[in-house]
Every structure is written in structure tokens, then in C-alpha cells.
Amino acid sequence: MIDLTTPIDVAIIGGGPSGLAAATTLKATGVARVVVLERESDAGGIPRHCGHPPFGAREFKRIYTGPAYARKLVQTALAAGVEIHCLTTVVQAREGGELLLALPEGQQVINARRVIYATGVRETPRSARLLGGMRLQGVVNTGALQSMVFLKHMRPFKRPVIVGTELVAISAVSTCAHAGIRPAAMVEPDPRPTARFPFTIYPRLKCVPMHLNTRPVAIHGDKTVSSLEVEDADGARRHIDCDGVILSGMFTPESTLGRMGHLEVDPATGGPVVDQFGRCSDPVYFAAGNLLRPVETAGWCWDEGRRAGARVADDLAERLPNGIETVPVSVQGPVLKYVMPQRLNLKVSRGKDVLQLRLNDIAKGRIIATSGGKTVGQWSVNSRKERRVLLSVSRLDQSAITGPVTMTFTPA
């Protein structure tokens, strides 16, 4: 059980890169008691499963494999004085920072002055992808594959097909290579791979063909997978022989606690609604990392966690403005997928604050922000689908904002 004789200043739900970075930063700023609540048997998050580099360049100026990077994060947090409680699941997150926990010893209720959500993302399962066919062995997502290979030393198949071409799908190719698995193909519904160059070269180096304009339709087999049925852009269907299917990407923030609790959740990002400080609709709660939106690298999440820790320390010291006087920010039109943060406090000016956007399609033109029928900001954009777009908040004419801010895209 967690010792309750000393007040808990900050409880962090999730022991991945963002949660551990936030905890370490909080201790560095002098916050007395910081506890990390991790449901797995070890902290470190998804990198524990990724037995390949590169991790750690931004954080430690060195290149680590995922497990070594995770251990380094944990060691750094412990050395700073952070308490890490593993096998500890937060069952309910209640108003005012009250948390109901499930531990091996039983249930426990704790109270914290502030809570940081850092629960990360999960991959969309087969059922939610509406992928037809039999329920067969050998259909996994990338996270499950990495857990099998690196933690359980298993080789679940020899010739799978990888569905997706984003960075995590490239990671799946690397995991397969580590286990002596040679993927039969990668399939991508779009005309271009999602991952940036030069990462897209790696499958070619591993002799894995990449089929673009190709979407999965059904999985076939008897007990185990024998083929993946796919459909080309012209509607023609064919089978790719394989003995497994790796479903990669289509990430969803793990925001179940927020959805089941009292926090406002943004249907566009799937994560909690936050202001530019990462503060949720209940000002006791903050959020950081991939819970905010799917999906960024471990290093990016680490940096977000570090900044969240600093802002929570500011909040504890009453150096943040209140979380009530904010204006909502939203996107309209088919090109813009979402914006985060979804609320802005206009009484403060932070030069480094940015709006993060994602696009549903390739876009070249201008993003225009309006409020009360007037243009209050413009930014040029030239980006592909699912790429991170950062817009400086300092480009907003805050004095002209009279209500909700709406962002639209105008092609060049």
C-alpha cells in the first residue's frame, strides 16, 4: 500500500517517458512528494518493448535501445527522489485529485494536490478497423508483437503482412528482423507511405515490398492465418499469402479514465481538452504525452512531460493564471483533423506556446483563424497527411479575439 502519512503533492498516472519526465522535473523544482502510478510490473512505457534504437538523443545525448532507454528514465526519476509504484492501477479519478487505486494488496484511496494524466495511446484493434474474416491466431498489433519478441522471446509467425506504413510500422519491420521474421509485405491505403523519408527506405533494405493504394479487406485461414485479402485503388481484389497480420498505427489516446470520470474529452483528438499549460477541465488535473493526441515519438513525449512538470510546479506555487478565463479553439472543414490545445488563456503571453494540428490530407495553402467574424491569425502550411503542424500562438492577434476561435484551411 502507498504510505499516506505524508501528503502527496503530485500523482502521475502512467510511468512512460512523459510521466517519468514530468516526475523528474517536479522533483528538480523542489516539489516534496511525487508518486508515479504504473499498472505494469515495470515502469518505462512502450520503449520497454522496443529492442531497437534510436531512443534518447534528445534526452540524454546518447542513442539507446528502447529497454535501455526505459531503464535510464526510471533510474533518473528514482535518483531525483520520485516514488514509482508498479502494479498499481487507477480505477477512478475523481474531482479534486482523489484517486481510487487497485493494488496487489487491495484497494486504496489517495489524494493528491495535482494529478498528471500520462497514460499514452493504444493501437486500434482489428474489430474497430472493420477487418473481416475468421478469428485466427497470428493477428496482433505492433505493441503485442514487440512484447512477444522482446519480453517473452517468442516468434509468433514467419511471414506476416504489416498493415500500415507509419513510423511504428517501420519499427515492426525492425522487430521482425530481430526475431528472424521476414514480412511478406506492407500494405498502405494511401498513395504515399505515412512515415517520413528516410525511414521508408528501411523496409526496402530488408526486402519487404510496400504496396501503396492497397487496403486490407479480410483475413483468411483455418486456425492460423493463410492470406490477407486486399483491394487496390481500382477495386480489384487479390490475396497476399502470409501466416500472420500485424496491425499498426491508427492510434487512440488511452483516455478511458477521463471518459469514465468527470473530465471533458475532445472527440477530435480522443484526449482530454487542455489549455496551453496542459491543464484539463478540472484544474487539479493536467495531461501530457501521447494522451493528448495520437501519436508522437518517445522523445517528443518526454519533452512534453518535462514541460508539464514545470507548469504543475508553477501551478502549485500559484504562478499560473486561473483555468476558467479561456476561449475555445476548434477546426472546421475536411482538411484539418484537430487542434490541440483546445482552449487558450489570453491573459498570458508565452512565446514558445504553439497550436498543434494534424491534417486529413496533403495541404498547401494558409490556415486562417477567425473570431467574431474577424481574422485573428494566419499561417502558411505545406504538409502531408498525419504530419505534425505547429503554429505559434504569438501570431494570434489576441486583442482582436472576442469569442471562440475557429481555424480553417484555404488552398494556395
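**Hairpins, sheets and packed helices in a predicted model**

In the hairpin built from β14 and β15, four residues sit between the strands, and one residue there, Gly235, takes a positive phi near 95°. The model is a predicted one, and this hairpin is a handy place to start reading it. Strand β15 covers residues 237-241 and pairs with β14 in the antiparallel sense, over five bridges. To find the register, look at Ser227, whose bridge partner in β15 is Asp241.

β14 also takes part in a second hairpin, this time with β13. Here the strands are β13 (residues 214-222) and β14 (residues 224-232), which run antiparallel and are joined by eight bridges. Thr214 has Asp232 of β14 as its bridge partner. The turn has one residue between the strands, and Lys223 takes a positive phi near 75° in this hairpin.

Next comes an open sheet of five strands, ordered β9-β16-β10-β11-β12, in which the pairing is parallel. The edges are taken by β9 (139-141) and β12 (210-211); each has a single partner strand, so one side of each is left without a neighbour in the sheet. For β9 that partner is β16 (residues 244-247), paired in the parallel sense over three bridges. Within this pairing, Asn141 stands opposite Leu247 of β16. Helix α5 packs on the sheet, where it touches β10 (160-163), β11 (185-187) and β16, and its direction makes about 160° with that of β10. Helix α4 lies across β9 and β16, and runs at about 95° to β9.

The two helices on this sheet also meet each other. Packed helix pairs are described by the angle between the axes and the distance between them. For α4 (residues 142-151) and α5 (residues 167-178), the axes come within 10 Å and cross at roughly 25°. That makes α4 roughly parallel to α5, since angles under 35 degrees count as such. The crossing of α4 past α5 is left-handed. On the α4 side the contact involves Thr142, Leu145, Gln146, Val149 and Phe150, which meet Val168, Ser171, Ala172, Thr175, Cys176 and His178 of α5. As for the spacing of such residues, an α-helix has 3.6 residues a turn, so positions three or four places apart point the same way.

Another open sheet of five strands follows the order β21-β19-β26-β23-β24, but with mixed pairing. Its edge strands are β21 (343-344) and β24 (374-383), each with a single partner strand, so one side of each is left without a neighbour in the sheet. β24 pairs with β23 (residues 363-371) in the antiparallel sense over nine bridges. Thr370 has Thr375 of β24 as its bridge partner.

Turning to helix α1, the picture is one of burial. Of the 12 residues in α1, 11 are buried, so the helix is largely enclosed by the rest of the structure. The buried residues are Pro17, Ser18, Gly19, Leu20, Ala21, Ala22, Ala23, Thr24, Thr25, Leu26 and Lys27. What covers them includes the strands β1 (8-13), β2 (34-37), β3 (83-85) and β6 (106-117), along with the helices α3 (66-80) and α8 (298-316). The length of α1 (residues 17-28) checks out too: at 1.5 Å a residue, its 12 residues should span 16 Å, and the end C-alpha atoms are 16 Å apart, which agrees. Just after α1 comes Gly30, with a positive phi of about 100°.

One of the covering helices, α8, has its axis within 7 Å of that of α1, and the two cross at roughly 35°. The crossing of α1 past α8 is right-handed. From α1, the contact is made by Pro17, Ser18, Ala21, Ala22, Thr25 and Leu26; from α8, by Ala298, Cys301, Trp302, Gly305, Arg306, Gly309, Ala310, Val312 and Ala313.

Helix α3, another of the elements covering α1, has buried residues of its own: Gly66, Ala68, Tyr69, Ala70, Leu73, Val74 and Ala77. What covers these includes α1, α2 (57-60), β3 and α8. At 1.5 Å a residue, the 15 residues of α3 should span 21 Å, and the end C-alpha atoms are 21 Å apart, which agrees. Gly81 follows α3, with a positive phi near 105°.

Conventions: Residues numbered from 1 in each chain as written. Predicted model: local features only at pLDDT ≥ 70, side-chain atom pairs only at ≥ 80, totals over all residues. Heavy atoms only, no water. Pairing = 2+ DSSP bridges. Expected span 1.5 Å × (residues − 1). Buried < 20%, exposed > 50% of the residue type's maximum accessible area, 1.4 Å probe, protein only. Contact = heavy atoms within 4.5 Å. Axes fitted to C-alpha atoms, helices over the stretch in contact; angles between N-to-C directions. Parallel < 35°, antiparallel > 145°, perpendicular 65-115°, else oblique. Left-handed = near helix turned anticlockwise from the far one by under 90°.
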